[in-house]
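Let's walk through a structure together, one feature at a time. Keep the sequence and the 3D view side by side as you read.

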Amino acid sequence: YYILVSKFMQIFMEIKYRLAELREQHPDKPTQRQMAAYLGMEQESYWRLEHNKRGSIKNSTLLKLCKFFNCTPNEILWHTTEDDICQEENKELVKA
C-alpha cells in the first residue's frame, strides 16, 4: 500500500531568483564579481542573492538587474506556490 504525504492548509509562496540563468545567457557573460560591482555590493552578497540565500531583494537592486538584463522583474523572480509544492510531493508516493 502507499502512504501519501499530507497537505498543510497554509498560504505559502517561495520566490527564487533566476540570476545565474540570466547571467549565463547574457552576451557579455559577466562574472559574479562584475555583477556585484555593477550593483554596488560585495561579491559574497551577490553570490547569496544568486543562490537564493538572501531573504529579500531591494527594489533598487531589482531595477538595476532589470536594466542590466533588459528584462522585467517577472523574468528575474520565479515563484512557487503551495499547490506546486504539494503536487510535487504527491507525485512522490512512499511505498510501505
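## A positive patch

Start at the surface, where Arg48, Lys53, Arg54, Lys58 and Lys64 form a positive patch. Patches are built from residues with over 30% relative accessible area and no salt bridge, with like charges joined within 9 Å and nonpolar side chains (Val, Leu, Ile, Met, Phe, Trp, Tyr) within 5 Å. Lys and Arg count as positive, Asp and Glu as negative, while His and the chain ends are not counted. Each charge is placed at NZ of Lys, CZ of Arg, CG of Asp or CD of Glu. Accessible areas come from the Shrake-Rupley method with a 1.4 Å probe, and for residues only the protein chains shown count as cover.

One member of the patch, arginine 54, sits in the loop between α3 and α4 (59-69). Its relative accessible area is 31%, so arginine 54 is partly exposed; that label covers the range between buried (under 20%) and exposed (over 50%), using a 1.4 Å probe and protein chains only.

## How the model is described

This is a predicted model, in which local features need pLDDT of at least 70 and side-chain atom pairs count only at pLDDT 80 or more, while totals for chains, interfaces and linings use all residues. Residues are numbered from 1 along each chain as its sequence is written, and side-chain values use heavy atoms, leaving out hydrogens and water.

## Helices α3 and α4

Helices (H or I, at least four residues) and strands (E, at least two) are DSSP runs, numbered from the N terminus. Which residues of α3 are buried? They are Tyr46, Leu49 and Glu50. Viewed down the axis of α3, the buried residues fall within an arc of 95°, so they line one face of the helix. That arc is taken from the directions from the helix axis to the C-beta atoms. After α3 comes asparagine 52, with a positive phi near 55°.

In helix α4 you can find leucine 63, which is exposed at 57% relative accessibility. Its C-alpha atom lies 7.7 Å from that of proline 73, 10 residues apart along the chain.

## Salt bridges

A salt bridge is a side-chain nitrogen of Lys or Arg within 4 Å of a carboxyl oxygen of Asp or Glu. How many are there by this rule? The count is 2 salt bridges.

Arginine 23 and glutamate 50 form a salt bridge, at 2.8 Å from N to O. This pair links distant parts of the chain, with arginine 23 in helix α1 (residues 19-25) and glutamate 50 in helix α3 (residues 43-50), 27 residues apart. Both arginine 23 and glutamate 50 are buried.

Glutamate 21 also pairs with arginine 18 in a salt bridge, with the closest N and O atoms 2.8 Å apart. Here glutamate 21 is partly exposed at 37%, and arginine 18 is partly exposed at 21%.
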